[in-house]
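I opened the notebook to record what I looked up in this structure, going from the overall fold down to single residues. The entries follow in the order in which I made them.

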Amino acid sequence: MKKGLFAVTLCMIISGCGVSIKGEVYEDATPYFDPFKFFNSDVKAWGIVQDRSGQLIQRFTVNIRGSVSNNNVLTLDETFKYGVGNGTLKRVWKIEKEGAKQFRGTASDIKNNATGRVYGNAMQWSYNMELPVNSTSYTVHFDDWMWAFDSDTIVNRSYISKFGIVMAEVTIFMQKQRSTRDPH
């Protein structure tokens, strides 16, 4: 009896440590988010990472140089700079459409493929990453959610989990930068 009660309690605790966002809720929300349109430009991002207790463990900026090639591949060349903590300095994503609302992507520190789906003004992006921590690295799962505020601004919430338990959360604001590459 005690073992059964312990197992039920453990399952309740673990299931309570995850995040469950329902993308279908955003299907009719506007403005519609098109990652190929949004990221086909220079984008500046500001972000923080908080551990499970809410403590700030990283603060960073990212310069993203996005471009769409003729064969419908979105390349995101990301350069990171840290104000608090440290981490990856460079990442290059290659993202392909897999239908009207679905996407697949790769990067050097991503295990297998990332998958994504657009729901109106929101997009879910899911992947496993090799995350360096001190002198070792861990494979963790990222569940990213992006929401478009307007054609130039999105917010991203990422939930980093291990064994189904959210270990950290990331908040990032991204804004398109007007440049000679983006005349509009």
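How many helices and how many strands are there in the protein chain? I was working with a predicted model, and in it I counted two helices and ten strands in the protein chain. Reading along the sequence, I noted the pattern α-α-β-β-β-β-β-β-β-β-β-β, with the two α symbols written ahead of the β symbols.

**Entry: the sheet**

I next looked up how the strands are arranged, and found that ten strands close into a barrel in the order 1-2-3-4-5-6-7-8-9-10, with antiparallel pairing. Neighbouring strands of this sheet are turned by 25 degrees against each other on average, when direction is ignored.

I then picked out one pair for a closer look: strand 7, residues 122-133, runs antiparallel to strand 8, residues 136-150, and the two are paired over twelve bridges. Which residue of strand 8 does Y127 stand opposite? I found F142 in that position.

**Entry: the chain as a whole**

For the chain totals, I wrote down that 38% of the 184 residues are buried. The accessible surface of the protein chain is about 10800 Å², and carbon and sulfur atoms contribute 55% of that surface. Among contacts with a separation of 6 or more, I noted that 39% are between residues 24 or more positions apart.

**Entry: backbone details**

Where does a cis peptide bond occur? I found one joining T30 and P31, with omega at about 0 degrees; P31 belongs to the loop that runs between helix 1 (2-15) and helix 2 (35-38).

I also checked phi angles, and made a note of N112, which has a positive phi of about 60 degrees although it is not a glycine. N112 is placed in strand 6, residues 110-119. Is N112 buried or exposed? I recorded N112 as exposed, because its relative accessibility is 69% and the cut-off for exposed is over 50%.

F163 went into the notebook as well, since it has a positive phi of about 55 degrees although it is not a glycine. I located F163 in the loop between strand 9 (153-162) and strand 10 (165-177). Its relative accessible area is 71%, so I entered F163 as exposed.

**Entry: summary of the backbone check**

I closed the page with N112 in strand 6 and F163 in a loop, each noted for a positive phi, and with the cis bond between T30 and P31.

Conventions: Residues numbered from 1 in each chain as written. Predicted model: local features only at pLDDT ≥ 70, side-chain atom pairs only at ≥ 80, totals over all residues. Heavy atoms only, no water. Helix = DSSP H or I, 4+ residues; strand = E, 2+ residues; numbered from the N terminus. Buried < 20%, exposed > 50% of the residue type's maximum accessible area, 1.4 Å probe, protein only. Contact = heavy atoms within 4.5 Å. Areas by Shrake-Rupley, 256 points an atom, 1.4 Å probe, with all protein chains shown as cover. Pairing = 2+ DSSP bridges. Axes fitted to C-alpha atoms, helices over the stretch in contact; angles between N-to-C directions.
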